[in-house]
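I opened the notebook to look up the salt bridges. The entries below are kept short.

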Amino acid sequence: MRFLHTSDWHLGRSFHRVSLLDAQSAFLDHLVATVRERDVDAVLVAGDVYDRAVPPLSAVELFDTALHRLAEAGVPTVMISGNHDSARRLGVGAGLIERAGIHLRTDPAGVGTPVVLTDAHGEVALYGLPYLEPALVREQFGAAKAGHEAVLGAAMDRVRADLAERPGSTRSVVLAHAFVAGGEPSDSERDITVGGVAAVPAGVFDGVDYVALGHLHGSQTVTPRVRYSGSPLAYSFSETDHRKSMWLIDLGPAGEIEAAERVDCPVPRPLARIKGRLDDLLADPALVRHERSWIEATLTDPVRPAEPMARLTARFPHTLHLVFEPERTESDPLASYAQRLRDRSDRQIAEDFVAHVRGGTGPDGAERTVLYGAFDDVRVDAAEREREVGAR
C-alpha cells in the first residue's frame with residue numbers, strides 16, 4: 001500500500017508579513033497531482049492543518065477546496081489535528097466528511113479506533129493520534145504523569161490493544177503530532193515543552209509498521225519506520241537549508257517499508273541569509289544569486305548605517321528581515337543582549353536570571369520545579385483558551 005505523508009500545512013500563515021496563500025494553493029495543487037500521478041492509496045496529514053485556532057476565511061476556503069479535490073480523486077485521506085489547530089473546529093462535520101473518504105481524527109477518545117483500508121495483501125489499520133496536550137488529557141488516558149511521554153504512551157497502549165484483537169496479518173500505521181527525540185527543530189514551531197521536557201523517545205511507538213509524524217518542520221528520518229515529512233513551505237529563515245518535501249511510503253505485504261521516497265514541493269521563492277557590513281553586501285558579486293530571494297540580512301557594521309533597509313532593497317528587493325550584530329568582542333559590555341540569549345530556551349533564560357540576581361547561584365531542584373510549573377501553566381492556559389474559542 002502506498003501512502004503520501006505530509007504535515008504542517010499551516011494554512012493562513014504568512015512569511016514576515018508576506019502572504020503565502022498562493023504558495024499554499026500551489027502546494028495543494030502539487031499534492032493532488034502527486035496523488036493522481038503516483039498511484040497513491042492514501043494521504044496522511046499529520047497535524048497543523050491551520051496556523052491558528054481561528055483561521056482566516058481564505059485559509060478555510062483553501063482547505064475546503066483541497067478536501068473536495070481529494071475526495072474527487074477517490075483516495076482516502078487521514079488527517080489529525082496539531083497543536084496549532086483547534087481540534088473542535090477542525091473536527092466539525094467529521095462524521096459526514098468521512099463518507100467522502102476524508103477521515104478527520106481530532107478527538108483523543110478515538111485514538112484506538114482506526115481507519116481500516118484493504119489491499120491485495122489484507123488490511124491496514126491507520127490510527128490517528130491528534131496533538132495531546134498532557135494536562136488536558138492525562139486523566140482521560142489514566143496517565144501516571146502529565147508529560148508527553150506518559151500520555152503518548154497511554155494512547156499507544158490503546159493502539160496496541162486494538163491491534164492485538166485484529167488478525168495477525170494486519171499492518172499498522174500511526175499518525176502523531178509530537179516532538180520525538182532525535183528530531184531537529186527550527187524556529188517556526190511552537191514550544192510544547194512540559195516540565196522542562198519537550199521530546200519523547202521514538203520507542204513509545206514500538207509495535208507499529210510506520211509512524212507518520214508532524215510538528216517539526218524539517219523532513220527527517222528518526223528511524224526507518226518513524227519519519228517527519230516536514231512542512232511543505234519554509235515558515236522561518238531557520239529553514240533556509242531545508243529541502244521541502246513529502247514522503248512517498250510503500251508498505252509491503254508483511255509491514256516492511258519497501259520504499260521511502262522524498263517528493264519535492266514547489267518553492268515559491270528561495271530563502272537566503274546574508275551577513276556582513278552593508279557596503280560589502282551591496283558590492284559583493286557573489287551575492288548575485290540571491291537578488292531574487294527572500295532575504296534575512298545581518299549587518300555587522302560597528303555603527304548602524306543610515307537607511308539600511310532602503311539601501312538593501314535597492315539590490316535585494318525581497319529583503320524581509322534585518323538583524324543588527326555590530327562587530328564587537330564577547331567581552332565588550334555593549335555586546336548585543338539578543339546575541340547572549342541566542343539558542344537559549346525560555347526556561348534556560350529564567351534560570352540564568354535567577355543565577356544573575358543571586359550572584360551566580362542558580363535555582364535548586366524545588367525552585368526549578370516551580371519555574372517549570374509556571375511555564376507549563378501559561379501554556380496550558382493558552383491551550384484551554386484555544387479550545388474554548390474552537391468550541392464557540
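What follows is my notes on charged side-chain pairs and their exposure.

Entry one, ground rules. I am working with a predicted model, where local features need pLDDT of at least 70, side-chain atom pairs count only at pLDDT 80 or more, and totals for chains, interfaces and linings use all residues. Residues are numbered from 1 along each chain as its sequence is written, and side-chain values use heavy atoms, with hydrogens and water left out.

Entry two, the count. I took a salt bridge as a side-chain nitrogen of Lys or Arg within 4 Å of a carboxyl oxygen of Asp or Glu. That rule gives 16 salt bridges.

Entry three, Asp 29 and Arg 69. I found their side chains joined in a salt bridge, N to O at 2.5 Å. The pair links distant parts of the chain, 40 residues apart: Asp 29 lies in helix α1 (residues 21-37) and Arg 69 in helix α2 (residues 57-73). Helices here are DSSP runs of H or I with at least four residues, strands are runs of E with at least two, and both are numbered from the N terminus.

For exposure I used relative accessible area: buried is under 20%, exposed is over 50%, and partly exposed is in between, with a 1.4 Å probe and protein chains only. Asp 29 is partly exposed at 35%, and Arg 69 is partly exposed at 28%.

Entry four, Lys 244 and Glu 239. Their side chains form a salt bridge at 2.6 Å, N to O. Both residues, Lys 244 and Glu 239, are buried.

Entry five, Arg 315 and Glu 291. I noted a salt bridge with the closest N and O atoms 2.8 Å apart. Arg 315 sits in helix α8 (residues 308-315), and Glu 291 in the loop between α7 (278-283) and β16 (294-299). Arg 315 is buried at 15%, whereas Glu 291 is partly exposed at 25%.
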